[in-house]
Amino acid sequence: MHVYIGLGSNLDNPQAQIKTAIADMALIDETTLVQSSSLYSSPPMGPQDQPDYVNAVVCVDTKLSAHRLLDALQSIEKQHGRIRKRHWGERTLDLDILLFADKVIDDERLTVPHPGISDRAFVVYPLAEISPELVVPGLGPLEQIQLNCPRNGLEKVEINAS
């Protein structure tokens with residue numbers, strides 16, 4: 001079952017946080033890393049008194065339930081020192097399930113498709129890079145979503161050797 005996960009970091013060497021998180025996701029039980037996007041830089045969505053973010057999207061194939069995968073992702077966030085201080089605030093690592101195959105999930109722990117998927121350039125463009133033919137349940141073709149989503153300062157970043 002293909003699942004798309006958004007990654008974001010703006011603290012403690014964000015490029016390294018993202019690269020390490022992708023490697024960590026490849027180690028989740030019953031889950032295989034299929035593809036990852038380029039890294040992108042984007043201005044913060046929330047409070048502007050924080051550094052720019054580094055973002056990416058990965059596709060994994062998993063046999064886990066959505067909630068078991070969420071538990072594994074939250075464990076990776078915790079390993080990376082994630083502390084939730086303020087809404088849309090700075091973080092070492094944020095991992096969001098964007099799409100879980102073609103399922104629609106809406107409960108107290110998880111909403112899929114991710115509620116902000118269509119208006120966040122740092123999700124739309126990396127997602128389109130790895131799966132341009134994707135159809136987002138309830139929203140339509142990703143290609144159409146991308147046409148209506150301004151880049152808002154989103155840029156591909158060069159990978160540091162470190």
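The buried residues of helix α2 pack against β1, α1, β4, β5 and β6 (105-106). This picture comes from a predicted model. Helix α2 also gives the largest share of the largest nonpolar core, six residues. Helix α1 has buried residues too, and α2 is among the elements that cover them.

**Helix α2**

- Helix α2 covers residues 66-79.
- Its buried residues are Ala 66, Leu 69, Leu 70, Ala 72, Leu 73, Ile 76 and Glu 77.
- These residues lie on the same side of α2, because they cover an arc of only 160 degrees around the axis.
- Lys 78 and Gln 79 are exposed on the other side of α2.
- The length of α2 agrees with expectation: at 1.5 Å a residue, its 14 residues should span 20 Å, and its end C-alpha atoms are 20 Å apart.
- Gly 81 follows α2, and the phi of Gly 81 is positive, near 80 degrees.

**Helix α1**

- Helix α1 runs over residues 14-25.
- Pro 14, Gln 15, Gln 17, Ile 18, Ala 21, Ile 22, Asp 24 and Met 25 are buried in α1.
- The cover over these buried residues includes β1 (2-9), β2 (31-36), β4 (53-62), α2 (66-79) and β5 (94-100).
- The length check agrees here as well: the 12 residues of α1 should span 16 Å at 1.5 Å a residue, and the end C-alpha atoms are 16 Å apart.

**Asp 24, a residue of α1**

- Asp 24 sits in α1, and Asp 24 is buried.
- The side chain of Asp 24 makes a polar contact with the side chain of His 80, at 2.9 Å.
- Leaving aside residues up to four places away in sequence, Asp 24 touches Ile 76, Gln 79 and His 80.
- Of these, Ile 76 is buried in α2, while Gln 79 is exposed.

**The nonpolar cores**

- The largest nonpolar core has 28 residues, and Ile 5, Leu 7, Met 25, Leu 69, Leu 95 and Ile 97 touch the most other members.
- The elements that give two or more residues to this core are β1, α1, β4, α2 and β5.
- Leu 7 shows how the parts meet: not counting residues up to four places away in sequence, its contacts include Ile 18, Ala 21, Ile 22, Met 25, Val 54, Val 58 and Leu 95.
- A second, separate core has 21 residues, among them Tyr 125, Ile 130, Leu 134 and Ile 145.

Methods: Residues numbered from 1 in each chain as written. Predicted model: local features only at pLDDT ≥ 70, side-chain atom pairs only at ≥ 80, totals over all residues. Heavy atoms only, no water. Helix = DSSP H or I, 4+ residues; strand = E, 2+ residues; numbered from the N terminus. Polar contact = N/O pair within 3.5 Å; in protein donor to acceptor, adjacent residues only side chain to side chain. Contact = heavy atoms within 4.5 Å. Expected span 1.5 Å × (residues − 1). Buried < 20%, exposed > 50% of the residue type's maximum accessible area, 1.4 Å probe, protein only. Core = buried A, V, L, I, M, F, W, Y, C linked by side-chain atoms within 4.5 Å. Arc of directions from axis to C-beta.
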